[in-house]
Each structure stands twice: as structure tokens, then as C-alpha cells.
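Here is a short tour of the model for anyone who likes to think in helices, strands and backbone angles. Have the structure open beside the text and follow along.

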Amino acid sequence: MRITINDIACSSLDDVRKVAPQSVWEFIAEFLDDKPYIMAHTSGSTGKPKPISLAKSDMKASARFTNRFFGLTSQSTLHLCLSPDYIAGKMMLVRALESGANIVIEEPGNRPLAHYHGSRISLAAFVPSQIPYLVQNPDRLAMVDAMIVGGGKLVTRWQKSLTQLGAKAYLTYGMTETCSHVALAPVADTPQPYTALGDVHFDVDDNDCLIIDVPHFTNSHFETRDVVQLIDSRHFYWKGRFDNVIVTGGVKVHPEEVEAKIAPLMGDRRFYITSAPSDKWGDEVVLVVEDGSSPSEKPVLRPLPTDFEQRLKEVLPRYSVPKHYVMLGEFPLTSSGKVKRQTF
């Protein structure tokens with residue numbers, strides 16, 4: 001479905017209802033009314049999603065910085081295959097409204113652009129689960145000039161595939177409270193730092209958790225639980241969530257860093273790194289693997305097979321190598337599709 005945002009902005013809501021999915025026209029109606037705020041919900045990554053009010057002026061400012069970065073104008077075409085129930089989908093619509101661009105809207109799913117035969121896409125937004133289809137269908141990927149990927153971790157395998165295919169792709173850093181991303185990192189063969197958009201600046205607290213200053217927002221100061229390696233006030237490397245840090249034998253282990261290093265060894269299986277209490281280490285590192293079986297009454301900690309443990313030792317520091325592994329039938333997910341980590 002192809003919609004011209006300029007036409008929508010000038011139409012009655014009855015006209016919008018005729019051409020746009022309900023979630024789209026409901027958001028546009030809310031965004032274009034006289035209230036200064038819209039209601040949204042946090043992603044639920046660390047708990048139950050919470051209602052939050054976002055200033056429309058902040059959303060417009062965020063959209064303008066992204067539009068400027070990608071050179072989006074009224075001649076551009078955007079692509080939306082994410083739900084407007086979440087901030088990523090909402091902000092693609094706001095970017096179109098602010099730039100006057102056309103926007104192609106399709107039902108969210110894991111086969112994006114499968115049936116699209118229109119003009120080139122200037123900018124598209126995806127979540128990690130949609131990337132394998134695009135990589136496996138490079139003719140679809142080739143229709144996109146630039147893309148942003150957020151809402152979860154994009155594993156190294158797919159980052160390398162996008163790079164090899166010449167995709168202009170960026171990882172996003174942000175949250176609902178910051179009206180989606182405040183920084184972008186180009187997808188490349190090796191990890192690249194995140195760079196601030198607009199006049200955003202960064203700092204860290206005593207735990208190396210990121211602090212975000214967004215002078216152009218009504219609320220300009222945001223304290224996060226994301227541990228980073230700060231390069232300067234405009235650039236950082238993301239290391240992981242402070243809440244996920246494992247202290248084993250007095251050494252801090254960031255699960256997300258371990259996951260990135262062992263991903264090539266795990267094939268297509270979903271997995272994550274967590275911890276379990278240990279008399280010797282305080283906490284020990286544990287590998288959790290989804291195997292698709294029926295859920296058992298109680299997950300069992302098992303020693304790693306010797307050959308696999310040796311392969312892990314070749315890519316991980318000694319203290320980061322999992323001491324045990326756990327098989328789970330199916331990972332529990334948040335309402336936004338992110339894996340709920342658990343300890344054992």
C-alpha cells in the first residue's frame with residue numbers, strides 16, 4: 001500500500017480511514033489533533049511496558065534530525081513494515097509527515113518487501129527478525145537505498161551478510177523516551193561506534209552507564225542502564241545492559257559481548273548468556289539455548305560438551321566461558337518480541 005503523506009495531512013480522517021490500516025490512521029489522527037502529547041508505551045525490555053506521554057514537538061525534532069541525516073525530502077519514499085503501536089513505527093510516520101515524503105505501508109511480518117514492485121525506497125526501518133529474508137532475497141534488499149535496524153540485537157552473521165551485499169545499513173540506539181534513536185552505527189565487518197544525531201551529547205555515570213543530553217527536547221536529560229565505552233561526547237561503543245552484568249570470580253562479564261563472539265558457533269539457534277549461583281565463583285556464566293522441545297518442569301544445568309567448550313575457549317577470555325548450559329523449549333518474550341532473560 002502506497003500513501004502520500006501530504007495528501008493524508010490535507011484530507012479528512014474519513015479519507016484516511018479508506019486507505020490506511022486502522023493502526024496507521026489512528027496514530028495519524030492522534031498526531032494531528034490539538035493535544036501537545038501522544039500516549040505511547042515503553043518497550044518492556046526490563047519489565048512490564050509502561051504508558052508514557054511524548055511531546056509531539058520532541059517527535060518532530062527527532063524526525064527532522066533523521067531526515068537530515070538521510071537526506072529525506074518530499075521526493076523520497078519511506079517504507080513502513082513495523083507496527084505503529086510501537087515507537088519505531090510511529091516515528092517512520094512522523095518522518096514522512098515532517099518531510100512530506102511518500103510512505104509505503106505493509107503488514108508487519110518477516111518477509112518485508114516480498115510483494116513490492118514500486119519505486120526505490122529511500123529509507124526503511126526493520127527489526128532483526130526481518131533481516132534474514134532480505135539477505136536471502138538480495139533483489140528485495142537492492143530496492144532499499146538506506147535502512148535502519150533496531151528493536152533488538154542483530155547478530156554478527158547478518159551484519160556481515162549485509163556488508164557483503166553492499167547494503168547501506170545502520171544500527172540504532174534509542175528508546176521510547178527519546179522518540180526512537182538518538183545515535184546510529186553503520187553496519188560493518190567490525191563493530192563501529194554509535195554517533196549522535198543532531199545536537200545530542202553523551203556522558204557516563206560511575207558505572208559507565210550512558211547519560212543522554214538532548215537539548216532540543218522538552219525533557220533533555222536521560223539516564224540509562226546501558227553500559228558503554230565512551231569515546232567522546234558524541235561517540236560510544238555499546239557493551240550491554242548494566243542489569244545483565246555477571247560478576248564471576250570478581251570479574252565483570254557483559255553477556256551481550258559474549259553472545260556476539262560466540263554467535264558464529266551457534267548456527268541458527270536462538271541463545272543467550274545468563275548466570276547461576278556458584279559456591280566457588282559467586283555467579284557463573286551459563287549458556288541458554290532454545291531447542292523447540294516441550295517445556296520441562298525445571299531447567300537443568302548441564303556441563304558443556306568438551307569439544308564445544310574448547311571451541312568457546314578459542315574465542316572467549318577464560319572467565320567468560322560458560323561453565324554450564326541449559327536447554328529451553330521456547331524463550332519467553334516481551335510484548336515487543338524481545339527475549340526475557342532469566343537466571344538459574
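Let us begin at the end of a helix. Helix 4 is followed by Gly71, a residue with a positive phi near 65°. Please keep in mind that this is a predicted model. Helix 5 is likewise followed by a glycine, Gly100, and its phi is positive too, near 80°.

## The chain as a whole

The chain holds 10 helices and 20 strands. Of its 344 residues, 46% are buried. Among the contacts with a separation of 6 or more, 53% join residues 24 or more positions apart.

## Two helices that pack together

Back to the helix we started from. Helix 4 covers residues 56-70, helix 5 covers residues 87-99, and the two pack at an angle of about 75° with their axes 9 Å apart. Angles of 65 to 115 degrees count as roughly perpendicular, and helix 4 and helix 5 are therefore roughly perpendicular to each other. On the helix 4 side, the contact is made by Met59, Lys60, Ser62, Ala63, Arg64, Thr66 and Asn67. Helix 5 contributes Ile87, Lys90, Met91, Val94, Arg95, Glu98 and Ser99. Sorted by class, this contact has 5 nonpolar, 4 polar and 5 charged residues.

Both helices also pass a simple length check, with the expected span taken at 1.5 Å a residue:

| Helix | Residues in helix | Expected span | Distance between end C-alpha atoms |
|---|---|---|---|
| Helix 4 | 15 residues | 21 Å | 21 Å |
| Helix 5 | 13 residues | 18 Å | 18 Å |

For helix 4, the distance between the end C-alpha atoms agrees with the expected span, and for helix 5 it agrees as well.

How many residues of helix 5 are buried? The count is 11 of its 13 residues, so this helix is mostly covered. The buried residues are Ile87, Gly89, Lys90, Met91, Met92, Leu93, Val94, Arg95, Ala96, Leu97 and Ser99. Several of these names will be familiar from the contact with helix 4, including Lys90, Met91 and Val94. In helix 4, the buried residues are Lys56, Asp58, Met59, Ala61, Ser62, Ala63, Phe65, Thr66, Asn67 and Phe70. Met59 and Ala63, for example, are listed as buried in helix 4, and they also take part in its contact with helix 5.

## Positive phi without glycine

The two glycines after the helices are not the end of the story on positive phi. Cys179 has a positive phi of about 55° although it is not a glycine. Where does Cys179 sit? Its place is in the loop between strand 8 (169-175) and strand 9 (180-186). With a relative accessible area of 1%, Cys179 is buried.

Ser180 shows a positive phi as well, about 75°, and it is not a glycine either. Ser180 lies in strand 9. Is Ser180 buried or exposed? Its relative accessible area is 8%, which means that Ser180 is buried.

## An open sheet and its neighbours

Further along the chain, 4 strands form an open sheet with mixed pairing, in the order 17-18-20-19. Its edge strands are strand 17 (271-278) and strand 19 (302-303), each of which pairs on one side only.

Strand 18 and strand 20 pair in the parallel sense, over 5 bridges. Glu290 has Leu328 in strand 20 as its bridge partner. Strand 20 spans residues 324-328, and it pairs with strand 19 in the antiparallel sense over 2 bridges. Opposite Arg302 stands Tyr325 of strand 20.

Helix 9 (residues 255-262) lies across strand 17 and strand 18 (282-290), and it runs at about 130° to strand 17.

One more residue rounds off the tour. Gln310 has its place in helix 10 (residues 306-315). With a relative accessible area of 43%, Gln310 is partly exposed. Gln310 and Val321 are 11 residues apart along the chain, and their C-alpha atoms are separated by 9.4 Å.

Note on methods
Residues are numbered from 1 along each chain as its sequence is written. This is a predicted model: local features need pLDDT of at least 70, side-chain atom pairs count only at pLDDT 80 or more; totals for chains, interfaces and linings use all residues. Side-chain values use heavy atoms; hydrogens and water are left out. Axes are lines fitted to C-alpha atoms, for helices over the stretch in contact, and angles run from 0 to 180 degrees between N-to-C directions. Angles under 35 degrees count as roughly parallel, over 145 as roughly antiparallel, 65 to 115 as roughly perpendicular and the rest as oblique. Contact means heavy atoms within 4.5 Å. Ala, Val, Leu, Ile, Met, Phe, Trp, Tyr, Cys and Pro count as nonpolar, Asp, Glu, Lys and Arg as charged, and the others, Gly among them, as polar. Buried means under 20% relative accessible area, exposed over 50%, partly exposed in between (1.4 Å probe, protein chains only). The expected span of a helix is 1.5 Å times one less than its number of residues. Two strands pair if DSSP finds at least two bridges between them.
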